[in-house]
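Got your viewer open? Let's take a walk through this model together, one selection at a time.

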Amino acid sequence: MDFRAMLKHRKYAKWGLKEGDPDWGALKQTDGEGDKFKRPEKKPESFLKPLVDQSVKEGKDKKACFEAIFSKTNVRAKWFKQRQELFQGAKYHMKSEGDLHVLEINKPTKDDQGKYIVECLAIQSSAFLSVEDPDPVYTFTKQLPKRVECYTRKQASLECVVSSFKEIGRASCRERV
């Protein structure tokens with residue numbers, strides 16, 4: 001109850017007869033709730049930098065790296081691949097420094113392709129890792145002979161065989177010896 005409300009009662013009414021109403025300045029009128037302290041509104045936790053899709057080539061790229069920045073620091077992150085939790089080991093290396101969470105996949109193969117999820121405080125961010133096929137390795141299954149003898153002005157035939165039938169057109173070469 002403030003002073004203004006007390007003046008409305010009879011026994012305090014005689015106090016203000018001579019002077020008039022005092023200057024209260026910029027006081028706010030209360031609605032009867034009382035003074036409550038307002039708490040600052042919490043910002044909802046979220047990923048400031050979500051995961052980004054990655055594309056690597058098998059055999060060529062040594063690592064695939066996923067990075068995410070969470071709004072709150074020192075939060076434990078869980079990593080998942082196709083809803084199966086990942087753990088630290090030779091294949092996966094996980095780092096959490098402050099608000100930065102990093103997953104490194106060593107020597108990615110076709111088996112590592114899929115959806116990766118990071119979860120902090122039940123909030124998730126996801127990205128897709130696509131792994132391209134490695135460059136094919138072609139070898140000669142039948143080598144050219146080291147030396148060929150033939151008569152002058154006659155054609156000599158040299159033949160070699162490549163390990164892939166797709167490379168026959170690229171490997172053929174006609175030269176006159």
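How many strands form the open sheet, and in what order? There are 4 of them, lined up as β1-β3-β7-β6, with antiparallel pairing. Keep in mind as you look around that this is a predicted model.

**Stop 1: the edges of the open sheet.** Select 47-49, which is β1, and then 92-97, which is β6. These are the edge strands, and each of them pairs on one side only. Now turn the sheet in your viewer and look for its twist: going from one strand to the next, it averages 25°. As for what holds a sheet together, strands pair through backbone hydrogen bonds, either parallel or antiparallel.

**Stop 2: β3 and β7.** Select residues 63-70 for β3 and residues 100-106 for β7. The two run antiparallel and are joined by 7 bridges. To see one partnership up close, click on A68 and then on H101, its bridge partner in β7.

**Stop 3: the loop after β7.** Next, pick D112, in the loop between β7 and β8. Is D112 buried or exposed? It's buried, because its relative accessible area is 5%, and buried means under 20%. Show what surrounds D112: leaving aside residues up to four places away in sequence, it touches K81, K91, Y92, I105, K107 and L129.

**Stop 4: β8, β9 and β2.** Select residues 114-120 to light up β8, which pairs with β9 in the antiparallel sense over 7 bridges. Click on C120 and you'll find I123 of β9 opposite. The hairpin of β8 and β9 has 2 residues between the strands, and there L121 takes a positive phi near 50°.

Now add β2 (residues 54-57) and β9 (residues 123-132) to your selection. Which way do β2 and β9 run relative to each other, parallel or antiparallel? They run parallel, with 4 bridges joining them. Try S55 here: S130 in β9 stands opposite.

**Stop 5: a patch on the surface.** Finally, switch on the surface and select L144, V148 and L158. Together they form a nonpolar patch with about 250 Å² of accessible area. Zoom in on L144, which is found in the loop between β10 (140-142) and β11 (161-162). With a relative accessible area of 44%, L144 counts as partly exposed, since that label covers values between the 20% limit for buried and the 50% limit for exposed.

Notes:
Residues are numbered from 1 along each chain as its sequence is written. This is a predicted model: local features need pLDDT of at least 70, side-chain atom pairs count only at pLDDT 80 or more; totals for chains, interfaces and linings use all residues. Side-chain values use heavy atoms; hydrogens and water are left out. Two strands pair if DSSP finds at least two bridges between them. Axes are lines fitted to C-alpha atoms, for helices over the stretch in contact, and angles run from 0 to 180 degrees between N-to-C directions. Patches are made of residues with over 30% relative accessible area and no salt bridge: like charges are joined within 9 Å, nonpolar side chains (Val, Leu, Ile, Met, Phe, Trp, Tyr) within 5 Å. Accessible areas come from the Shrake-Rupley method with a 1.4 Å probe; for residues, only the protein chains shown count as cover. A salt bridge is a side-chain nitrogen of Lys or Arg within 4 Å of a carboxyl oxygen of Asp or Glu. Buried means under 20% relative accessible area, exposed over 50%, partly exposed in between (1.4 Å probe, protein chains only). Contact means heavy atoms within 4.5 Å.
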